Amino acid sequence: MANVSPTRGDITSHPDASEMRARYARMLGGRDVALVDGPVFLLGLYCAVSPWILHYTTSQPALVPHNLIVGIAIGLLALGFTQTPERMYGLSWAFCAVGLWMIVSPWIVGDSPDAGVILNNVIIGALAVILGLMCTVTAAKSVPRA
């Protein structure tokens with residue numbers, strides 16, 4: 001009977017081993033903000049579903065699609081931060097802008113918002129600004145200087 005069990009070989013003889021090592025080192029080197037990716041995604045998810053959680057679909061119908069779209073945008077930014085960090089961390093300032101927009105949006109998009117709607121969007125916006133600043137500061141530290 002043939003030996004079909006997998007054996008662990010040495011990958012150093014692989015023709016792309018040096019390129020794989022360099023790519024792995026590059027990815028690990030730029031992951032200083034990895035702990036922020038998860039909270040950013042969760043913030044976007046909460047922002048998208050918050051109109052239904054807080055039941056302001058009838059009192060503020062204009063804010064329902066607004067929060068859904070902004071939440072999806074925040075989630076997509078988080079996925080971008082995770083997938084291609086070296087390209088996306090330059091957009092951390094945009095995440096701060098989204099946070100500032102969330103703070104003022106109840107008065108601009110909404111119609112006489114109540115305290116719960118205002119508090120919800122201000123908290124989401126403040127967290128977005130804080131997380132965006134954390135991403136921006138950490139990305140600025142990890143950029144190699146020439």
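## His55 and Ser112: two loop residues

His55 is exposed, with a relative accessible area of 62% in this predicted model. The residue sits in the loop between α2 and α3. Its backbone stands out too: phi of His55 is positive, about 55°, although the residue is not a glycine.

Ser112 belongs to another loop, the one between α5 and α6. Here too phi is positive in a residue other than glycine, with a value near 50°. Is Ser112 buried or exposed? Ser112 is exposed, and its relative accessible area is 65%.

## Helix α5

Helix α5 covers residues 92-108, which makes 17 residues. From its first C-alpha to its last, α5 reaches 24 Å. That is close to the 24 Å expected at 1.5 Å a residue.

Where does α5 kink? The kink lies at Met102 and amounts to about 35°. The proline Pro106 follows shortly after Met102. Both Met102 and Pro106 are buried. The other buried residues of α5 are Ser92, Ala94, Phe95, Cys96, Gly99 and Ser105.

## The nonpolar core

In soluble globular proteins, nonpolar side chains tend to be buried together. In this model, the largest nonpolar core has 17 residues. Which residues have the most contacts inside this core? They are Val40, Leu43, Phe81, Phe95 and Leu131.

Several helices build this core. Two or more residues each come from α2 (34-53), α3 (63-83), α5 and α6 (115-142). The largest share, 5 residues, comes from α3. Helix α5 holds Phe95, one of its buried residues, and Phe95 is also among the core residues with the most contacts.

## Cysteines

How many disulfides does the structure hold? The count is 0. A disulfide would need two cysteine sulfur atoms within 2.5 Å. The cysteine sulfur closest to that of Cys135 is in Cys96, 8.1 Å away, so the two are too far apart for a bond.

Cys135 is buried, with a relative accessible area of 0%. Cys96, in α5, is buried as well. Cys47 also counts as buried, because its relative accessibility is 0%, and the cut-off for buried is under 20%.

Notes
Residues are numbered from 1 along each chain as its sequence is written. This is a predicted model: local features need pLDDT of at least 70, side-chain atom pairs count only at pLDDT 80 or more; totals for chains, interfaces and linings use all residues. Side-chain values use heavy atoms; hydrogens and water are left out. Helices (H or I, at least four residues) and strands (E, at least two) are DSSP runs, numbered from the N terminus. The expected span of a helix is 1.5 Å times one less than its number of residues. The bend at a residue is the angle between axes fitted to the seven residues ending there and the seven starting there. Buried means under 20% relative accessible area, exposed over 50%, partly exposed in between (1.4 Å probe, protein chains only). A nonpolar core is a set of buried Ala, Val, Leu, Ile, Met, Phe, Trp, Tyr and Cys residues joined through side-chain atoms within 4.5 Å.
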